[in-house]
Amino acid sequence: MQYMNQYLNNQEKLWLRYYIGDVSGTDPFWSEPKAYLVLNSLLYDSIETEISRTKEGKFLNPAILDDVDRLLDFYDNMFSAFRKCHTENGIITYRVERYADFMPILNGKHTVSFTSTSTGGFLDAYRDRKGITLVKFSIPENVSCIDVAEVLDFYAKPEEKEVLLPPFISLSLTEIPMTENELSITDSDGKSPVNSYNAVCSALNTRERTGNISHDGAGAGRRIYKALNNGLTPKENDIEIYTYWKRNLQAIYKNCCT
(Lines give C-alpha, C1' and ligand atoms only; values in the text may rest on other atoms or scores of the structure.)
Protein backbone atom coordinates (compact mmCIF):
# COMPACT_ATOMS: atom_id res chain seq x y z
CA MET A 1 0.00 0.00 0.00
CA GLN A 2 1.41 3.36 -1.05
CA TYR A 3 -1.01 5.70 0.74
CA MET A 4 -2.36 6.29 4.22
CA ASN A 5 -5.88 7.65 3.66
CA GLN A 6 -8.43 8.40 6.30
CA TYR A 7 -12.05 8.31 5.20
CA LEU A 8 -13.09 11.50 3.39
CA ASN A 9 -16.49 12.88 4.37
CA ASN A 10 -19.19 13.62 1.80
CA GLN A 11 -18.34 17.32 1.54
CA GLU A 12 -14.66 16.62 0.92
CA LYS A 13 -15.56 14.06 -1.76
CA LEU A 14 -18.04 16.48 -3.34
CA TRP A 15 -15.42 19.18 -3.75
CA LEU A 16 -12.72 16.75 -4.90
CA ARG A 17 -15.04 15.43 -7.62
CA TYR A 18 -15.86 19.00 -8.58
CA TYR A 19 -12.18 19.90 -8.82
CA ILE A 20 -11.33 16.97 -11.12
CA GLY A 21 -14.30 17.83 -13.38
CA ASP A 22 -16.71 15.05 -12.45
CA VAL A 23 -19.78 17.29 -12.86
CA SER A 24 -23.26 17.18 -14.37
CA GLY A 25 -26.39 19.28 -14.88
CA THR A 26 -26.81 22.77 -16.32
CA ASP A 27 -26.13 25.04 -13.33
CA PRO A 28 -23.43 27.54 -14.43
CA PHE A 29 -21.30 26.72 -11.38
CA TRP A 30 -21.92 23.03 -10.69
CA SER A 31 -21.75 21.91 -14.34
CA GLU A 32 -18.31 23.47 -15.05
CA PRO A 33 -15.90 20.63 -16.00
CA LYS A 34 -12.81 22.84 -15.90
CA ALA A 35 -13.43 24.86 -12.75
CA TYR A 36 -9.84 24.10 -11.78
CA LEU A 37 -8.70 26.73 -14.29
CA VAL A 38 -10.18 29.43 -12.04
CA LEU A 39 -9.61 27.67 -8.70
CA ASN A 40 -5.89 27.41 -9.46
CA SER A 41 -5.56 30.85 -11.06
CA LEU A 42 -6.75 32.41 -7.81
CA LEU A 43 -3.59 31.10 -6.13
CA TYR A 44 -1.25 32.87 -8.56
CA ASP A 45 -0.28 36.53 -8.23
CA SER A 46 -1.21 39.07 -10.94
CA ILE A 47 -3.46 38.01 -13.84
CA GLU A 48 -0.78 36.45 -16.06
CA THR A 49 -2.09 32.96 -15.36
CA GLU A 50 -5.62 33.97 -16.33
CA ILE A 51 -4.31 35.63 -19.51
CA SER A 52 -2.28 32.56 -20.52
CA ARG A 53 -5.27 30.27 -20.12
CA THR A 54 -7.56 32.39 -22.28
CA LYS A 55 -4.82 32.68 -24.92
CA GLU A 56 -4.95 28.88 -25.09
CA GLY A 57 -8.66 29.17 -25.85
CA LYS A 58 -9.79 28.11 -22.40
CA PHE A 59 -12.87 29.58 -20.72
CA LEU A 60 -12.70 31.22 -17.29
CA ASN A 61 -16.14 30.74 -15.76
CA PRO A 62 -17.28 33.92 -13.94
CA ALA A 63 -19.96 31.92 -12.07
CA ILE A 64 -17.23 30.38 -9.90
CA LEU A 65 -16.87 33.77 -8.21
CA ASP A 66 -20.62 34.28 -7.68
CA ASP A 67 -20.52 33.08 -4.07
CA VAL A 68 -17.38 33.77 -2.00
CA ASP A 69 -18.56 31.65 0.94
CA ARG A 70 -19.02 28.70 -1.42
CA LEU A 71 -15.57 29.35 -2.83
CA LEU A 72 -14.02 29.28 0.64
CA ASP A 73 -15.94 26.07 1.38
CA PHE A 74 -14.15 24.49 -1.59
CA TYR A 75 -10.67 25.44 -0.34
CA ASP A 76 -11.50 24.54 3.28
CA ASN A 77 -12.63 21.05 2.31
CA MET A 78 -9.75 20.44 -0.08
CA PHE A 79 -7.18 21.33 2.58
CA SER A 80 -9.12 19.16 5.04
CA ALA A 81 -8.85 16.24 2.61
CA PHE A 82 -5.10 16.75 2.33
CA ARG A 83 -4.82 16.58 6.12
CA LYS A 84 -6.28 13.08 5.90
CA CYS A 85 -4.25 11.71 2.98
CA HIS A 86 -0.49 11.00 2.94
CA THR A 87 1.99 8.69 1.30
CA GLU A 88 2.96 5.60 3.26
CA ASN A 89 5.84 4.83 0.89
CA GLY A 90 7.75 7.09 -1.48
CA ILE A 91 6.36 7.44 -5.00
CA ILE A 92 7.32 9.13 -8.27
CA THR A 93 4.80 11.14 -10.29
CA TYR A 94 4.92 13.26 -13.45
CA ARG A 95 3.43 16.50 -14.76
CA VAL A 96 3.49 18.47 -18.00
CA GLU A 97 3.45 22.02 -16.60
CA ARG A 98 3.03 25.35 -18.31
CA TYR A 99 6.43 27.05 -18.45
CA ALA A 100 4.81 30.35 -17.43
CA ASP A 101 3.20 28.69 -14.39
CA PHE A 102 6.41 26.87 -13.51
CA MET A 103 8.44 30.07 -13.08
CA PRO A 104 6.62 31.12 -9.84
CA ILE A 105 7.10 27.54 -8.61
CA LEU A 106 10.81 27.68 -9.39
CA ASN A 107 11.23 31.12 -7.82
CA GLY A 108 9.15 30.31 -4.72
CA LYS A 109 10.39 26.72 -4.38
CA HIS A 110 6.92 25.43 -3.59
CA THR A 111 3.73 24.38 -5.35
CA VAL A 112 1.56 27.41 -5.99
CA SER A 113 -1.80 25.78 -6.71
CA PHE A 114 -3.41 22.35 -6.55
CA THR A 115 -1.12 20.25 -8.71
CA SER A 116 -2.34 17.24 -10.66
CA THR A 117 0.39 14.68 -11.26
CA SER A 118 0.30 11.15 -12.62
CA THR A 119 2.01 7.88 -11.74
CA GLY A 120 1.57 6.98 -15.42
CA GLY A 121 4.22 9.30 -16.86
CA PHE A 122 3.82 12.53 -18.84
CA LEU A 123 0.22 12.52 -20.10
CA ASP A 124 -0.78 13.55 -23.64
CA ALA A 125 -3.96 15.08 -22.24
CA TYR A 126 -1.97 17.95 -20.73
CA ARG A 127 -0.01 18.95 -23.81
CA ASP A 128 -2.64 21.55 -24.79
CA ARG A 129 -0.46 24.35 -23.43
CA LYS A 130 1.81 26.98 -24.95
CA GLY A 131 5.33 26.46 -23.61
CA ILE A 132 5.83 23.47 -21.31
CA THR A 133 8.16 22.25 -18.57
CA LEU A 134 8.42 18.60 -17.58
CA VAL A 135 8.40 17.99 -13.82
CA LYS A 136 9.12 14.66 -12.12
CA PHE A 137 7.96 14.71 -8.50
CA SER A 138 9.61 12.59 -5.82
CA ILE A 139 7.04 12.30 -3.04
CA PRO A 140 8.62 10.76 0.10
CA GLU A 141 6.64 8.95 2.78
CA ASN A 142 4.22 10.93 4.96
CA VAL A 143 3.75 13.76 2.44
CA SER A 144 0.25 15.15 1.88
CA CYS A 145 -1.23 14.03 -1.44
CA ILE A 146 -4.43 12.46 -2.72
CA ASP A 147 -4.57 9.34 -4.88
CA VAL A 148 -7.87 10.28 -6.50
CA ALA A 149 -8.84 6.75 -7.59
CA GLU A 150 -8.24 5.41 -4.11
CA VAL A 151 -10.30 7.94 -2.13
CA LEU A 152 -13.34 8.28 -4.43
CA ASP A 153 -16.01 5.59 -4.76
CA PHE A 154 -16.10 6.32 -8.50
CA TYR A 155 -13.27 7.98 -10.44
CA ALA A 156 -14.28 9.42 -13.79
CA LYS A 157 -10.76 9.43 -15.29
CA PRO A 158 -8.92 6.25 -14.12
CA GLU A 159 -6.54 6.41 -17.10
CA GLU A 160 -4.94 9.55 -15.66
CA LYS A 161 -3.70 7.74 -12.51
CA GLU A 162 -3.94 11.09 -10.75
CA VAL A 163 -2.10 12.00 -7.58
CA LEU A 164 -3.03 15.51 -6.42
CA LEU A 165 -0.59 17.68 -4.48
CA PRO A 166 -1.74 20.62 -2.36
CA PRO A 167 -0.58 24.23 -2.72
CA PHE A 168 2.40 25.46 -0.71
CA ILE A 169 4.37 22.19 -0.49
CA SER A 170 8.09 23.01 -0.35
CA LEU A 171 10.09 21.67 -3.28
CA SER A 172 13.78 20.99 -3.79
CA LEU A 173 14.20 21.61 -7.52
CA THR A 174 17.00 20.38 -9.78
CA GLU A 175 17.15 20.88 -13.54
CA ILE A 176 17.87 17.67 -15.41
CA PRO A 177 18.66 16.83 -19.05
CA MET A 178 15.84 15.48 -21.20
CA THR A 179 15.81 12.11 -22.93
CA GLU A 180 15.00 11.79 -26.63
CA ASN A 181 11.51 10.59 -25.72
CA GLU A 182 10.98 13.60 -23.48
CA LEU A 183 12.18 15.98 -26.19
CA SER A 184 9.49 14.50 -28.46
CA ILE A 185 6.78 15.66 -26.04
CA THR A 186 5.39 18.83 -27.58
CA ASP A 187 3.18 21.73 -26.60
CA SER A 188 0.14 23.03 -28.49
CA ASP A 189 2.46 24.77 -30.98
CA GLY A 190 4.47 21.59 -31.61
CA LYS A 191 7.47 22.84 -29.60
CA SER A 192 9.62 20.65 -27.35
CA PRO A 193 9.71 21.33 -23.58
CA VAL A 194 11.64 24.40 -22.47
CA ASN A 195 13.26 22.43 -19.64
CA SER A 196 12.85 19.52 -17.23
CA TYR A 197 13.10 19.39 -13.42
CA ASN A 198 13.18 16.94 -10.56
CA ALA A 199 11.08 18.18 -7.63
CA VAL A 200 11.47 16.56 -4.21
CA CYS A 201 8.45 17.31 -2.01
CA SER A 202 8.53 18.05 1.72
CA ALA A 203 5.88 17.28 4.31
CA LEU A 204 3.19 19.94 4.77
CA ASN A 205 1.19 20.43 7.94
CA THR A 206 -2.05 22.38 7.60
CA ARG A 207 -4.66 23.54 10.06
CA GLU A 208 -8.13 24.99 9.71
CA ARG A 209 -8.57 28.49 8.31
CA THR A 210 -9.09 31.28 10.81
CA GLY A 211 -9.01 34.35 8.53
CA ASN A 212 -11.62 35.56 6.06
CA ILE A 213 -11.82 37.66 2.91
CA SER A 214 -14.23 40.30 1.66
CA HIS A 215 -16.57 39.79 -1.28
CA ASP A 216 -15.31 42.93 -3.05
CA GLY A 217 -12.77 41.38 -5.40
CA ALA A 218 -15.10 38.71 -6.75
CA GLY A 219 -17.08 41.20 -8.84
CA ALA A 220 -13.89 42.61 -10.32
CA GLY A 221 -12.75 39.05 -11.05
CA ARG A 222 -15.96 38.26 -12.92
CA ARG A 223 -15.55 41.38 -15.07
CA ILE A 224 -11.92 40.43 -15.80
CA TYR A 225 -12.91 36.90 -16.84
CA LYS A 226 -15.62 38.22 -19.16
CA ALA A 227 -13.16 40.63 -20.77
CA LEU A 228 -10.46 37.99 -21.24
CA ASN A 229 -12.95 35.41 -22.55
CA ASN A 230 -13.94 37.95 -25.21
CA GLY A 231 -10.36 38.87 -26.15
CA LEU A 232 -10.56 42.27 -24.45
CA THR A 233 -8.19 44.03 -22.05
CA PRO A 234 -9.55 44.23 -18.48
CA LYS A 235 -9.81 47.61 -16.79
CA GLU A 236 -6.84 48.59 -14.63
CA ASN A 237 -9.05 49.36 -11.64
CA ASP A 238 -10.57 45.87 -11.80
CA ILE A 239 -7.11 44.31 -12.03
CA GLU A 240 -5.96 46.22 -8.95
CA ILE A 241 -9.01 45.22 -6.89
CA TYR A 242 -8.93 41.58 -8.03
CA THR A 243 -5.20 41.00 -7.50
CA TYR A 244 -5.36 42.54 -4.01
CA TRP A 245 -8.31 40.26 -3.20
CA LYS A 246 -6.44 37.24 -4.54
CA ARG A 247 -3.43 38.02 -2.33
CA ASN A 248 -5.72 38.07 0.72
CA LEU A 249 -7.21 34.71 -0.31
CA GLN A 250 -3.74 33.22 -0.71
CA ALA A 251 -2.55 34.65 2.60
CA ILE A 252 -5.29 33.09 4.73
CA TYR A 253 -4.41 29.62 3.43
CA LYS A 254 -0.64 30.12 3.47
CA ASN A 255 -0.99 31.09 7.12
CA CYS A 256 -2.57 27.68 7.75
CA CYS A 257 0.42 25.81 6.31
CA THR A 258 3.75 24.99 7.97
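Begin by selecting Ile91, which stands opposite Ile139 in strand E5; as you look, keep in mind that this is a predicted model. Widen the selection to strand E3 (91–98) and to E5, residues 132–139, and you will see that the two strands pair in the antiparallel sense over eight bridges. If you then turn on the surface, E3 proves to be mostly covered, with six of its eight residues buried.

From E3, move to helix H3, residues 48–55, which is also mostly covered, since six of its eight residues are buried. Which residues of H3 are buried? They are Thr49, Glu50, Ile51, Ser52, Arg53 and Thr54. To see what covers these buried residues, display helix H2 (36–41), strand E3, helix H5 (99–108), helix H8 (216–229) and helix H9 (236–254), all of which are included in that cover.

The two sides of H3 also deserve a stop. In the loop between H2 and H3, select Ser46, which has a positive phi of about 55 degrees although it is not a glycine. Ser46 has a relative accessible area of 33% and is therefore partly exposed. After H3 comes Gly57, whose phi is likewise positive, near 85 degrees.

Another residue to select for its backbone is Lys161, found in the loop between helix H6 (148–151) and strand E7 (162–165). Lys161 is not a glycine either, yet its phi is positive, at about 45 degrees. With a relative accessible area of 48%, Lys161 counts as partly exposed.

Next, return to helix H8, one of the elements covering H3, and select Ala227, which has its place in that helix. Is Ala227 buried or exposed? Its relative accessibility is 12%, so Ala227 counts as buried. Once its neighbours within four places in sequence are left aside, Ala227 is in contact with Leu232, Thr233 and Pro234. If you draw a distance from Ala227 back to Ile91, where the tour began, the two residues are 42 Å apart in space, C-alpha to C-alpha, and 136 residues apart in sequence.

Now show helix H1 (residues 10–20) together with helix H4 (residues 68–84), and turn the view until both axes are visible. Two packed helices are described by the angle between their axes and the distance between the axes. Here the axes come within 9 Å and cross at roughly 105 degrees, and H1 and H4 are therefore roughly perpendicular to each other. On the H1 side, the contact is made by Gln11, Glu12, Trp15, Leu16 and Tyr19, while H4 contributes Arg70, Asp73, Phe74, Asn77, Met78, Ser80, Ala81 and Lys84. Colouring this contact by class will show six nonpolar, three polar and four charged residues.

For the last stop, select the cysteines Cys85 and Cys145 and display their sulfur atoms. How many disulfides does the structure hold? It holds zero. A disulfide is a covalent bond between the sulfur atoms of two cysteines. For Cys85, which is in no disulfide, the nearest cysteine sulfur is that of Cys145, 7.9 Å away, and Cys145 in turn is in no disulfide, with the sulfur of Cys85 as its nearest cysteine sulfur. A pair of cysteine sulfur atoms would have to lie within 2.5 Å to count as a disulfide. Cys85 is buried, with a relative accessible area of 0%, and Cys145, at 0% relative accessibility, counts as buried too.

Technical notes. Residues are numbered from 1 along each chain as its sequence is written. This is a predicted model: local features need pLDDT of at least 70, side-chain atom pairs count only at pLDDT 80 or more; totals for chains, interfaces and linings use all residues. Side-chain values use heavy atoms; hydrogens and water are left out. Axes are lines fitted to C-alpha atoms, for helices over the stretch in contact, and angles run from 0 to 180 degrees between N-to-C directions. Helices (H or I, at least four residues) and strands (E, at least two) are DSSP runs, numbered from the N terminus. Angles under 35 degrees count as roughly parallel, over 145 as roughly antiparallel, 65 to 115 as roughly perpendicular and the rest as oblique. Contact means heavy atoms within 4.5 Å. Ala, Val, Leu, Ile, Met, Phe, Trp, Tyr, Cys and Pro count as nonpolar, Asp, Glu, Lys and Arg as charged, and the others, Gly among them, as polar. Buried means under 20% relative accessible area, exposed over 50%, partly exposed in between (1.4 Å probe, protein chains only). Two strands pair if DSSP finds at least two bridges between them.
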